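The following paragraphs go from the overall make-up of a protein model to one pair of its helices. Please keep the structure in view while reading.

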Amino acid sequence: MGLAQLRCRAQVGLIAPPVMVEVHLGAGLPQFSIVGLPAAAVRESKERVRAALLHSGFEVPAGRITVNLAPADLPKEGGRFDLAIALGILIASGQLQPKSAPASDGPALEFFGELALTGELRPVAGLLAAAQAAQQAGHRLIVPRAGAAELMLLPGLAAGAARSLLEVCGDLSGAAPLPDASLAAAQDAPEAAASPPAAAPLLAEVCGQQQAKRALVIAAAGAHSLLFVGPPGCGKSMLARRLPALLPPLDAVEALEVASIASLVNAGAAAGASWRERPFRAPHHTTSAGAIVGGGPRVRPGEITLAHHGVLFLDELPEFDRRVLEALREPLETGVVQVSRASLRAEYPARFQLVAAMNPCPCGYFGDAQRACRCSDRQRTLYRGRLSGPLLDRIDLRVPLRSVSESELAAHRVGRESARAAQAEAIARISRARSRQAARGALNGSLAEIALGEVARPTPAARRVLAAAAVRLGLSLRGQHRCLRVARTIADLDDSDVIEERHVAESVALRRALAT
């Protein structure tokens with residue numbers, strides 16, 4: 001009989017609660033059971049562990065093997081517990097004698113890794129979030145070398161990287177200490193860290209659409225939501241895909257949040273030289289509500305969480321399912337999304353910047369000067385009716401686009417150097433505006449109503465313009481607040497401490513009602 005205890009962590013959203021892997025060897029008929037609310041992938045680990053032990057030259061003890069994953073009421077999933085279970089069997093059976101107990105009060109160890117049948121270690125999803133929690137607890141990690149590149153994002157982390165179960169055994173016994181995970185990752189892929197980033201698309205490359213370009217700069221400066229409405233081929237998608245290049249790089253805290261989300265969805269996805277780039281997600285309009293918001297049996301994050309601190313682009317907005325669009329309303333306001341299932345509840349961050357595009361009608365040419373619309377009034381009304389008023393009320397900027405003529409296309413000649421210079425100037429203005437907002441505590445797009453009243457500071461003339469626009473356009477109180485937020489951003493772009501009349505006038509002009 002024997003007992004061993006080792007540390008690991010589960011994954012619930014972006015939280016990695018600690019799990020104690022307890023292995024007991026007892027007398028009786030051969031049996032291998034895992035208890036502690038394991039998912040199917042965890043229950044299957046006994047077959048992976050059995051084969052890995054045999055291929056690594058160890059013996060599978062005869063008798064009853066019981067593995068308890070404590071606490072018992074916490075759901076466990078994935079192959080992350082394989083390594084800890086295998087080591088527990090070796091320690092409990094006396095085949096491995098570590099220098100100190102892995103779960104002792106000394107320099108505690110945490111083990112993560114899925115085992116191949118050969119005993120090799122494979123990376124696991126969510127390793128970065130688990131590593132952050134372990135670092136805060138002052139623990140050392142043992143992780144698969146193939147996934148160690150993610151841990152380079154956590155300076156000062158104590159972690160060893162192993163290729164196989166045998167290498168971990170060598171580290172625990174003191175025969176062959178494991179290399180540091182960050183150093184091992186740098187040695188394995190030195191070229192990846194030095195790869196140059198791809199050239200960013202330039203705003204000046206888009207032909208015409210000056211008002212839309214101006215709106216894109218305002219949206220970037222204040223993190224405002226934006227809707228482009230125009231006929232097919234007028235440049236809506238081109239404009240939307242140029243927004244990330246206007247945004248400043250992620251700071252260290254934001255980048256770590258984005259990388260943790262990427263790691264949770266796909267093992268090893270957080271590694272790479274582009275981890276400071278803001279995410280850009282563009283799901284197809286057939287995407288389900290669960291894929292957009294998050295969910296499924298294992299409560300995975302959706303597209304709005306994968307776009308955290310970045311851009312969510314929804315092309316052909318009215319074609320999305322109504323449930324998908326309505327599900328965006330709360331995250332747009334709160335910046336978080338809560339996904340609940342019968343046995344599990346998770347909260348994910350969702351502070352994304354929404355950019356949407358749509359045609360003015362089903363055929364796409366209502367109001368176009370070059371082609372006639374084929375839609376009836378009823379068809380246009382039904383098409384626009386797919387977007388609810390509360391959702392549209394949460395979109396700060398609504399910009400109409402027109403078709404670009406052949407003469408404009410022929411005359412559009414922009415040199416690469418001049419386009420880069422214009423881009424650099426726009427980025428500098430956006431950075432200055434964001435710095436002003438950061439000094440006040442938050443970007444204008446996410447200002448609460450109380451904070452907005454403190455920082456807006458419109459002149460009396462600006463207040464009169466806003467009041468008149470509210471009556472003329474029938475703006476709700478939320479709509480007035482959003483106009484004021486946009487006006488505050490325009491004033492920041494002008495390096496103005498107060499909101500003037502022209503700032504409010506431009507913000508109202510950029511919040512046009514959709515024509516029917």
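Of the 516 residues of the protein, 51% count as buried. The model is a predicted one, and the values that follow are computed from it. The accessible surface of the protein amounts to about 22600 Å². Carbon and sulfur atoms account for 54% of that surface.

In extent, the C-alpha trace covers about 85 × 45 × 45 Å along its principal axes. The secondary structure consists of 23 helices and 18 strands. How do the contacts distribute along the sequence? Taking contacts between residues at least 6 apart in sequence, 75% of them join residues at least 24 apart.

One helix pair can now be followed in detail. Helix α22 covers residues 477–493 and helix α23 covers residues 501–509. Their axes come within 8 Å and cross at roughly 125 degrees. An angle of 65 to 115 degrees would count as roughly perpendicular and one over 145 as roughly antiparallel; the crossing angle therefore makes α22 oblique to α23. As for handedness, α22 passes α23 in a right-handed crossing.

Which residues make the contact between α22 and α23? On the α22 side they are C483, V486, A487, I490 and A491. On the α23 side they are H503, V504, E506, S507 and V508. Sorted by class, the contact of α22 with α23 contains seven nonpolar residues, two polar residues and one charged residue. With glutamate counted as charged, the charged residue in this contact is E506 of α23.

Terms used:
Residues are numbered from 1 along each chain as its sequence is written. This is a predicted model: local features need pLDDT of at least 70, side-chain atom pairs count only at pLDDT 80 or more; totals for chains, interfaces and linings use all residues. Side-chain values use heavy atoms; hydrogens and water are left out. Axes are lines fitted to C-alpha atoms, for helices over the stretch in contact, and angles run from 0 to 180 degrees between N-to-C directions. Helices (H or I, at least four residues) and strands (E, at least two) are DSSP runs, numbered from the N terminus. Angles under 35 degrees count as roughly parallel, over 145 as roughly antiparallel, 65 to 115 as roughly perpendicular and the rest as oblique. A crossing is left-handed if the near helix is turned anticlockwise from the far one by less than a right angle, and right-handed if clockwise. Contact means heavy atoms within 4.5 Å. Buried means under 20% relative accessible area, exposed over 50%, partly exposed in between (1.4 Å probe, protein chains only). Accessible areas come from the Shrake-Rupley method with a 1.4 Å probe; for residues, only the protein chains shown count as cover.
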